[in-house]
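User: I'm new to this structure and would like a close look at a single part of it. Could you pick one helix and walk me through how it sits among the rest?

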Amino acid sequence: MAVEAAEHLSLMNVKEHDVTKLMAEQARVLPWVASYVSATMQLASNDHKAGQVAFQALVQSFPESTEALAGLAVCHMEFGNNDEAAQAFSQVRDVDAHHVDHMDKYALVLKSMGEATKLNKLTHSLMEHHVRRP
């Protein structure tokens, strides 16, 4: 089962326990998959407190994982911790300048912080790097 499928199942209100049962084989071979799926499902179900803990653990294990950093940043953003969110989003950009997932949320954080210069640089960078830019 693909990780993306697990995300969509969580959006359809399928319980985390049921999804992890479906992913038992992948979790046995790659133990981090269960942690990532759990964190992603918590984020999708708006359980940001549990998601923050899960993504923080993933970032500890995989400090250059753009998915884990972006998930952590979204959780920080939902709690109004804009400085921590901006720092995590910035780390995502440092690791992979072509990463576009959740960059709209990064832009919102920068705008709410009054960081017009950083927001303009982000926008320019995304327009420059994204293959489907207008």
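Analyst: Here's a walk through one helix, α6, and then through the core and the ring pair that go with it.

Keep in mind that this is a predicted model. To get your bearings, the protein has nine helices and zero strands. Of its 134 residues, 35% count as buried. If you look at contacts between residues at least 6 apart in sequence, 42% of them join residues at least 24 apart.

Now for α6 itself. This helix covers residues 66-78, so to speak a run of 13 residues, and spans 18 Å from its first C-alpha to its last, close to the 18 Å expected at 1.5 Å a residue. Is α6 mostly covered or mostly open? Mostly covered: eleven of the 13 residues are buried. The buried set is T66, A68, L69, A70, G71, L72, A73, V74, C75, H76 and M77. What do they pack against? Their partners are α4 (31-44), α5 (48-61), α7 (82-95) and α8 (103-112). Just past the end of α6, G80 takes a positive phi of about 80°.

Next, the core. The largest nonpolar core has 27 residues, and those that touch the most other members are F55, L58, F89, M103, Y106, V109 and L122. Two or more residues come from each of α4, α5, α6, α7, α8 and α9 (116-129). Our helix is the top contributor here: α6 gives the most to this core, with eight residues. As a general backdrop, nonpolar side chains tend to be buried together in soluble globular proteins.

One of those well-connected core residues, F89, is a nice place to see α6 meet its surroundings. Leaving out residues up to four places away in sequence, F89 touches A70, A73, V74, H102, M103, K105, Y106 and V109. Among these, A70, A73 and V74 are on the buried list of α6.

F89 also takes part in the one aromatic pair that the structure holds. Its partner is Y106, and the two rings are stacked, 5.1 Å centre to centre with 25° between the planes. Because F89 lies in helix α7 and Y106 in helix α8, the pair ties together parts that are 17 residues apart in sequence. Both F89 and Y106 are buried.

To put the picture together: α6 has eleven of its 13 residues buried, packs against α4, α5, α7 and α8 through them, and supplies eight residues to the largest nonpolar core.

Definitions and conventions:
Residues are numbered from 1 along each chain as its sequence is written. This is a predicted model: local features need pLDDT of at least 70, side-chain atom pairs count only at pLDDT 80 or more; totals for chains, interfaces and linings use all residues. Side-chain values use heavy atoms; hydrogens and water are left out. Helices (H or I, at least four residues) and strands (E, at least two) are DSSP runs, numbered from the N terminus. Buried means under 20% relative accessible area, exposed over 50%, partly exposed in between (1.4 Å probe, protein chains only). Contact means heavy atoms within 4.5 Å. Rings of Phe, Tyr and Trp (its six-membered ring) pair if their centres lie within 6.5 Å; planes under 30 degrees apart count as stacked, over 60 as edge-to-face and the rest as tilted. A nonpolar core is a set of buried Ala, Val, Leu, Ile, Met, Phe, Trp, Tyr and Cys residues joined through side-chain atoms within 4.5 Å.
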